[in-house]
Amino acid sequence: GGGGGGGEAAVSAAPSSARGAAADAGAAAEQLVTLQFGEEVGPLGMDIIWEADWPVVGVVKSKGAAKKLAQKGDVIKEINGTCTNGKSRAELLPLMKVRPLRLGIARASDQAAAADATDVAAALRVDAP
């Protein structure tokens, strides 16, 4: 019977008071989200693309703490309060291994909406015997 949740992990999103405002702002609207991983969390299970000014989440693996939280295309703006802009993989990778870990990310609004739909679908799915 089914494994545990795999440690503490939480998502807190900045409240978007006006949903209609995003449409006016165009596709550039983004939501700032904080991903938190507790001390007992092991490997996050996500690939990060380090080439750009900001690190970006690539593939999120099916096993790992990040699978329900991070999404492909999330821009990692800060790691435990350290701004990631222009920093190298060598500088940032050690910070990603610290626990507890807090990632400040920017997520495109349309991406966030798609994620909400996916989460609902996942929540409704029941494992058949």
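## Burial of Arg107

A residue counts as buried when its relative accessible area is under 20%. In this predicted model, Arg107 has a relative accessible area of 6% and is therefore buried.

Arg107 is found in strand 7, and its side chain takes part in two polar pairings. One is a polar contact of 2.7 Å that joins the side chains of Arg107 and Asp74; in the other, a polar atom of the Arg107 side chain lies 2.9 Å from the backbone oxygen of Leu69.

## Strand 5 and its partners

Strand 7, which covers residues 101-108, runs antiparallel to strand 5, residues 75-79, and four bridges join the two. Within this pairing, Glu78 has Gly104 of strand 7 as its bridge partner.

Strand 5 is also joined to strand 6, residues 82-83, by two bridges, and these strands too run antiparallel. Here Ile79 stands opposite Thr82 of strand 6, while the hairpin that links the strands has two residues between them, with Asn80 taking a positive phi near 50°.

## Strands 3 and 4

A further antiparallel pairing is made by strand 3, residues 46-49, and strand 4, residues 56-60, which are joined by three bridges. The connection between strand 3 and strand 4 is a hairpin of six residues, and Ile49 has Val56 in strand 4 as its bridge partner.

Conventions:
Residues are numbered from 1 along each chain as its sequence is written. This is a predicted model: local features need pLDDT of at least 70, side-chain atom pairs count only at pLDDT 80 or more; totals for chains, interfaces and linings use all residues. Side-chain values use heavy atoms; hydrogens and water are left out. Two strands pair if DSSP finds at least two bridges between them. Buried means under 20% relative accessible area, exposed over 50%, partly exposed in between (1.4 Å probe, protein chains only). A polar contact is a pair of N or O atoms within 3.5 Å; within protein, one must be able to donate a hydrogen and the other to accept it, and residues adjacent in sequence count only if both atoms are side-chain atoms.
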